[in-house]
Structure formats: C-alpha cells, structure tokens
Amino acid sequence: MSKYVTAEEAVKVVKSGDRVYLQAAAAAPTILANALTERASELRNVEICHLHTEGEARYANPDLSESFHVNSFFIGANVRHTLKAGNGSYTPVFLSELPHLFRKNVLPLDVAFIHVSPPDRHGYCSLGVSVEATVAAIENAKIVIAQVNPQMPRTFGDGILHVSEIDYLVEVNVPIYGHAPELFTAEEEKIGAFVASLIDDKSTLQMGIGSIPNAALSKLKNHKDLGLHTEMFSDGVIDLIENDVINCNYKGTLRGRVLATFLIGSKRLYDFVNDNPFIEMKESSMVNDTARIRKNPNMIAINSAIEVDLTGQVCADSIGPQMYSGVGGQMDFIRGASLSPGGKAIIALPSITKKGISRIVPFLKQGAGVVTTRAHIHYVITENGIADLYGKTLKQRAAELVRIAHPNHQESIEREYHELLNKM
C-alpha cells in the first residue's frame, strides 16, 4: 500500500482527544493543519501544540474552541489571540528543554505534522529550515504525517530522516514561508554599531531575525574569523559568510560549520542553505545546550526585550501579565555566553516604543515575567549607548541604565525608582 495520500485522507487518523505537534516557524505544515481544521465538526478536544509558526492558523479560530485547543511553547502573532479568547494556552519552557518534554513523555504525542524535502534516491528526506523539537516529536508520536515539498531546502544535520520513519506522505508544491530582510532605522543603526563595537575578531555570534540584528551584522564587514552558533539566522549572515568574515574556524563547538536549529528569511536564504554542508541544522537540545554554547571562546549572545528595569531584570515574553511571545532560547544563550571565555551577554533594544513609551523602566509592569534575571545580564544597549551592568551594585546599575534611556524619560524614571525605594 502506498504511503502517498491526500491531505484529507492523511488527517483522518487524528481522533478526538489527540495531541498533535506541528513543525515550527517557516516549515509550518499549513496544508495538513488546514485539512485537519476542515474536520472540526467531527472532532472534540484536539490539542494542537507548537512553537511559533508562520502563515495562517485556521484551527486557532475561537469559534472552533470545542474542536481545537492551541498549546503554544512560543506564541506567534497568528495564535496570540487564543490566550485571551480562551482557546489557547502557553507552556513556559526553554527551547533547549522542549525535546525532553516529548522524550520523557511529559507531553505524549499522538500525531506529528511535519514538512520535508522529497526523498532522495536512498529514501532520505530533510526537515529543511526547522529542526527545533521536531526530531523528538517524530520519535515519540504514534503517527507521523509529512508534507513533501520540492521547495523545501535540503539541509544537513539532525533533520535527515528516512521515508520509513514517516507513516503518510502528502505531496505539495508551495513556497516556504519567508521574510524579506528588515530595513533598520537610524536609531537601530546606532544600536547595531554599539553591538558591533563589543564584538572582537574570532568571536562566535548568536543573534536572531529583525532590524537590530541586521544593523549589527552590517557593521561587521571588516571583522575576521567570526563564528555562528545560533538558535536561528536570516539573510543578514549570507554576505558575511560569502566574504569569509564568518568562517567558523575558531568555534569550540562544531568548528568549521554554522550551527542553527531553524531559519527564517527570503528565497535567497533558502537557496543558500539548500545542499550546503557548511550549514548544520541540529535539534534545539543540542544547539541551545549551555554546556555546548560555553565551549565557544568569545561567545556573543545578542537578544532583545520588551522592557528592562533599573536593576537589570529583563522581561522578554509578556506585556504585564499578558503573554506575548515566550521564553525561547534567550536564557540558554545568555548563560552560555556568560560562561564562555571572553563571552558577552547583550540585550539590545530601542529606548522607547513606537508610541514613545520608555522600555527602560523603574520597575517591571505588574505581572511581567522575568526571562533573564538581574544576576545574568551583562550589557544593555540602546541607541543612547552601552550600559555595562556586570559586577555593578543596584545603585550603579540604575545610573548606567538611566544614562541609556531616552532623554525625555531619564528624569522621571530615576525619580520614580528612588521615590518607591524611599517608601519601603
């Protein structure tokens, strides 16, 4: 019997009460998810769990709450509404530990929806642009269903699996979700320049997608012998790799290769990584493992935040009590970089929001989550400068952070901070 079936036939294996895992980010298996959504009237209490996914998420419609419940390990914009509507939940977990939730049967899986390249002549497919926890999901799910897509880049590493590991294959031919490189503002360019000033030759980088990472990368063209060990990367690294700025020759983990667990970018990025042995895509339990991250000399972790208080506490996952994104891999890399010889842990963010609200605050909002603690943080950077917090007292930290806050807010931030302290 052929494993090749239609999406509609494949998703018939899902039963009421099942837990279904969806591959993440740009590899989101949307055609399978949409086919499952079409069965809403037949199903009850199906849990659909995943990290951030690109594209539409029809199953997240609150009108289908009796059929589907969304369990996010990192909340994307397409399902953010579910937490308030009541048809979604958030499970806090470090990205490094997510595969363990499946392997230890903390979250047993019934079905995994994945998205792969076509089998080669030996029968091997690739998970392409997103490995993260999908390998663990495949190993532990009772049934594995794959979208098989000739447009999925073929990448090397943990994401290679034999067709015998897949129960049903659904042929599709659709573009991989992508993002054009984000342009950066004058303020973000200043932030990028400050970040670049902390990066020495022979450093290894971790940075994500967005205008601030792009701004920082644009300032590294004259650097030498950089490495890349990162949760994810985008188009900004391509020119640096092609010009031998990033060659990974001095990494401590997987020397001579770029290491990542998922990718999001343009078609140029997907063409670049396709059949490229310089790029190793590994499971997040390996990529985000602090013990492996710290083996890279001069490890530079560059992350962002929603707000930072004057003691150095970093909120990166919520706006007050309202969950916005997730823990992700920030702490994995902040800690790994901190323990690396010559390593630096950096939080980079604009000093104000688009509405002019300060992101350097006297105290975090009530209910806000602390993703990176005040004891872990080293540097905070805004367009106004670099605050070096490592080894500083609370009083010294407050002075450093006020200095890099927006000038329109510096006086009020400092006053509110000291007024509350004096009342205690």
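Which helix holds L401? L401 lies in α13, the helix of residues 394-404. This is a predicted model, and L401 is a good place to enter it.

**L401 and its surroundings**

L401 has a relative accessibility of 0%, so it counts as buried. Setting aside residues up to four places away in sequence, L401 touches V308, D309, L310, T311 and G312. Its other partners on that count are I360, V380, A387 and L389. L389 is 12 residues from L401 along the chain, and their C-alpha atoms are separated by 8.5 Å.

**The chain as a whole**

The chain contains 14 helices and 25 strands. Its radius of gyration is 22 Å, close to the 22 Å that the globule rule gives for 424 residues, so the chain is as compact as a globular protein of that length. The C-alpha trace spans about 70 × 50 × 35 Å along its principal axes.

Of the 424 residues, 58% are buried. Among contacts with a separation of 6 or more, 70% join residues 24 or more positions apart. The chain exposes about 17400 Å². Carbon and sulfur atoms supply 51% of that area.

Charge can be put briefly. The chain carries 41 positive and 47 negative charges. The mean positions of these two sets are 5 Å apart.

**Two nonpolar cores**

The largest nonpolar core has 76 residues. Within this core, Y21, L98, F102, I114 and F233 touch the most other members. Apart from it lies another core, of 54 residues. I75, Y90, I145 and V371 are among the members of that second core.

What does I114 contact beyond its neighbours within four places in sequence? Its partners there include Q23, P29, L32, L127, T134 and I138. V144, I145, A146, Q147, L161 and I166 are also in contact with I114. One of these partners, I145, is a member of the 54-residue core.

**Two enclosed helices**

Helix α2 covers residues 30-37. Seven of its eight residues are buried, so α2 is largely enclosed by the rest of the structure. The buried ones are T30, L32, A33, N34, A35, L36 and T37. L32 of this set is also a contact of I114.

Helix α7 covers residues 211-218. Here, too, seven of the eight residues are buried, so α7 is largely enclosed by the rest of the structure. They are S211, I212, P213, N214, A215, A216 and L217. What covers these residues? The cover includes two helices, α6 (186-197) and α8 (238-242). It also includes two strands, β11 (204-206) and β22 (344-348).

**Positive phi outside glycine**

Two loop residues have a positive phi although neither is a glycine; N105 is one and K202 is the other.

| Residue | Phi | Loop | Relative accessibility |
|---|---|---|---|
| N105 | about 60° | between α4 (98-103) and β5 (111-116) | 49% |
| K202 | about 70° | between α6 and β11 | 36% |

Are these residues buried, partly exposed or exposed? N105 counts as partly exposed because its relative accessibility is 49%, and exposed would need over 50%. K202, at 36%, also counts as partly exposed. The loop that holds K202 runs between α6 and β11, and both of those elements help cover the buried residues of α7.

Terms used: Residues numbered from 1 in each chain as written. Predicted model: local features only at pLDDT ≥ 70, side-chain atom pairs only at ≥ 80, totals over all residues. Heavy atoms only, no water. Buried < 20%, exposed > 50% of the residue type's maximum accessible area, 1.4 Å probe, protein only. Helix = DSSP H or I, 4+ residues; strand = E, 2+ residues; numbered from the N terminus. Contact = heavy atoms within 4.5 Å. Rg over C-alpha atoms; globule rule 2.2 N^0.38 Å. Areas by Shrake-Rupley, 256 points an atom, 1.4 Å probe, with all protein chains shown as cover. Lys, Arg positive; Asp, Glu negative; His and termini not counted. Charge placed at Lys NZ, Arg CZ, Asp CG, Glu CD. Core = buried A, V, L, I, M, F, W, Y, C linked by side-chain atoms within 4.5 Å.
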